[in-house]
Amino acid sequence: MSKEFKPPGPKVPQKEINYQELRIYTDEELQNPSDEELKNFKIKYDIPRCEQLESGPWPSFVADLKLEAYRRRKLADDRMLIPREVCEDLLGVLELSFEHGECHWKHGGIVGVSGYGGGVIGRYCDLPDQFPAIAHFHTIRVNQPASKFYKTDFLRAMADLWEFRGSGILNMHGSTGDIIFLGTTTEQLEPIFQEMAHHLSQDIGGSGSNLRTPSCCLGKARCEFALYDTQEMCYEMTMHYQDELHRPGFPYKFKMKFDGCPNGCVASIARADMSVIGTWRDNIRIDQEAVQAYIAGEIPPNAGAFAGRNWGKFDIQKEVIDLCPTKCMWMEGNKLRIDDKNCVRCMHCINTMPRALRPGTDTGVMLLFGAKAPILEGAQMSVLTIPFMEAEPPYDNIKAIVDKVFEWWMDNGKNRERLGELIQRMGLPKFCEVIGVPVMPQMVWKPRENPYIFWKEEDVPGGFKRDINDFRTRHTRKEV
């Protein structure tokens, strides 16, 4: 790590939140109703279809909305700044949507806060006369801290603010990772942002065609497998790309997610336009005595995770060696051997025998690009493009790659075309050429089934010539 580097702090130092100084509501106002009170509470609409969602074994958002509706009924008029019936109208329009088989929400134009192009998603009901409390029902995305570590004072202050200026309904967390504030009016957007910025040292997250809020796993804060500091890199990238985060200028959304190891606890390989996954480039460390302890049953496999029933004696051949995707492991006498050159870092053996096997010590990150959900095209997993990079702050080597990707995507991407779709359209070799890495056979899982890998003549040893007429003379269909 560079001794000169110091991670940049926020423009305003993070405040120590004291809920008692910021609180808006008393304990009595926040008191939950008894089961009997809630059972006898009826909202102003009949919602039989919605109430079916309360009948299953799982917690129901319908029950939560009723609870919030009950609380808002009890609050004084001056203790909330948007209509008190917001939750009741929300349930009412949902019931109507079930009845009609169509959505009654619409985008009503751009709304936001001063200086920001993202972070607020405008929502309007198309039946404002019937459901006036949700005529405006805007969503605010709030930038979550790295790994989603919170203090209760902060959470209570945020909840109070939203109860006062919004619907009181929060989503912890959205698929990007943000805290989601669901439902407020246009007039409250700027005051909410100012309250968060000045009293809670809290920024809003990304929305629209911009960099979405970066997110990361627990990293070295809690996980023994973390191979780089996910929290530090996530924070540094968030601070470095503030303009891309708050001012939409991309063809579509772009997500960065940081996994500390190939176990992928934030599923970056499936959900991020750029997946940053911890890896190692030396050999897996083996404790042969611990291997024998696993075989003898002295140490439970999988750290005891499957101890709830008797699965029988641990079988290293069936449970570890035979499940290796590249078959790079074998027993040689009473020693476990690994052909590390063929290891694909799947982590299965390490997860099964964590006291016997550990990742190597020469650690860094691999970069993968192009994952997305099925919107314009089908779902895609990200493609391993750079198998190893050092991950030392200030991460200038990784930022240089990101800058090249942004520039190419903005120059060539179509409207609402994700990076993965652009790579598919223009070809992986072109993308590799842009970021300055050679195309490798390992990027192709099944060459005959891959539609967008094309080799240039100069990339093939000895080159190749194509003569369609010559090909046809050698492959002419013979008469039967």
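Two residues are in contact when heavy atoms of theirs lie within 4.5 Å. The exercises below use this term on a predicted model.

**Exercise 1. Find which residues Met 233 contacts, leaving aside its neighbours within four places in sequence, and place Met 233 in the protein.**

Step 1. The contacts of Met 233, without those neighbours, are Tyr 228, Phe 258, Val 276, Val 365, Ala 391, Tyr 395 and Ile 398.

Step 2. Met 233 is one of the buried residues of α8. The helix α8 spans residues 230-240.

Step 3. Met 233 also belongs to the largest nonpolar core, which has 39 residues. Together with Phe 254 and Met 256, Met 233 has the most contacts inside this core.

Step 4. The elements that give two or more residues to the core include α8, β8 (256-259), β9, β14 (363-369) and α14 (396-412). The largest share, seven residues, comes from α14.

Step 5. A second, separate core has 26 residues, among them Ile 284, Phe 314, Cys 328 and Ile 350.

**Exercise 2. Decide whether α8 is largely enclosed or largely open, and say why.**

Step 1. The cut-off for a buried residue is a relative accessible area under 20%.

Step 2. The residues of α8 that count as buried are Thr 230, Gln 231, Glu 232, Met 233, Cys 234, Glu 236, Met 237 and Thr 238.

Step 3. Eight of the eleven residues of α8 are therefore buried, and the helix is largely enclosed by the rest of the structure.

Step 4. The elements against which these buried residues pack are β7 (215-216), α9 (242-246), β8, β9, β14 and α14.

Step 5. At the start of α8, the backbone nitrogen of Gln 231 has a side-chain oxygen of Asp 229 within 3.3 Å.

**Exercise 3. Describe where Asp 273 sits and which polar atoms its side chain meets.**

Step 1. Asp 273 belongs to the loop that runs between α10 (268-271) and β9 (274-280).

Step 2. The relative accessible area of Asp 273 is 0%, so this residue is buried.

Step 3. One polar partner is a backbone atom: the nitrogen of Lys 255 is 2.8 Å from a polar atom of the Asp 273 side chain.

Step 4. Another partner is a side chain: Asp 273 and Arg 418 are joined by a polar contact of 2.9 Å.

Step 5. Beyond four places in sequence, the residues that Asp 273 touches include Lys 253, Phe 254, Leu 368, Gly 370 and Leu 419.

**Exercise 4. Work out which residues Val 405 touches and how far its C-alpha atom is from that of Val 266.**

Step 1. Val 405 is part of helix α14. Its relative accessibility is 0%, so Val 405 counts as buried.

Step 2. Not counting residues up to four places away in sequence, Val 405 touches Phe 254, Phe 369, Leu 419, Phe 431 and Ile 435.

Step 3. Val 266 and Val 405 are 139 residues apart along the chain, and 22 Å separates their C-alpha atoms.

**Exercise 5. Locate two cis peptide bonds and two residues with a positive phi that are not glycines.**

Step 1. Met 172 and His 173 are joined by a cis peptide bond with omega about 5°. The loop that holds His 173 lies between β5 (169-172) and β6 (179-182).

Step 2. Another cis peptide bond joins Pro 393 and Pro 394, with omega about 10°. Pro 394 is in the loop between β15 and α14.

Step 3. Ser 147 is not a glycine, yet its phi is positive, about 65°. Ser 147 is in the loop between β4 (139-142) and α6 (152-165). With a relative accessible area of 10%, Ser 147 is buried.

Step 4. Arg 345 is not a glycine either, and its phi is about 60°. The loop of Arg 345 lies between β12 (335-338) and α13 (348-352). Its relative accessibility is 13%, so Arg 345 counts as buried.

**Exercise 6. Summarise the whole protein in numbers.**

Step 1. The protein contains 17 helices and 15 strands. Its C-alpha atoms fill a box of roughly 80 × 65 × 65 Å along the principal axes.

Step 2. The protein has 480 residues, and 45% of them count as buried. The exposed area is about 26100 Å², of which carbon and sulfur atoms supply 52%.

Step 3. Of the contacts between residues at least 6 apart in sequence, 66% join residues at least 24 apart.

Step 4. There are 60 positive and 68 negative charges, and their mean positions are 5 Å apart.

Technical notes:
Residues are numbered from 1 along each chain as its sequence is written. This is a predicted model: local features need pLDDT of at least 70, side-chain atom pairs count only at pLDDT 80 or more; totals for chains, interfaces and linings use all residues. Side-chain values use heavy atoms; hydrogens and water are left out. Helices (H or I, at least four residues) and strands (E, at least two) are DSSP runs, numbered from the N terminus. Buried means under 20% relative accessible area, exposed over 50%, partly exposed in between (1.4 Å probe, protein chains only). Accessible areas come from the Shrake-Rupley method with a 1.4 Å probe; for residues, only the protein chains shown count as cover. Lys and Arg count as positive and Asp and Glu as negative; His and the chain ends are not counted. The place of a charge is taken as NZ of Lys, CZ of Arg, CG of Asp or CD of Glu. A polar contact is a pair of N or O atoms within 3.5 Å; within protein, one must be able to donate a hydrogen and the other to accept it, and residues adjacent in sequence count only if both atoms are side-chain atoms. A nonpolar core is a set of buried Ala, Val, Leu, Ile, Met, Phe, Trp, Tyr and Cys residues joined through side-chain atoms within 4.5 Å.
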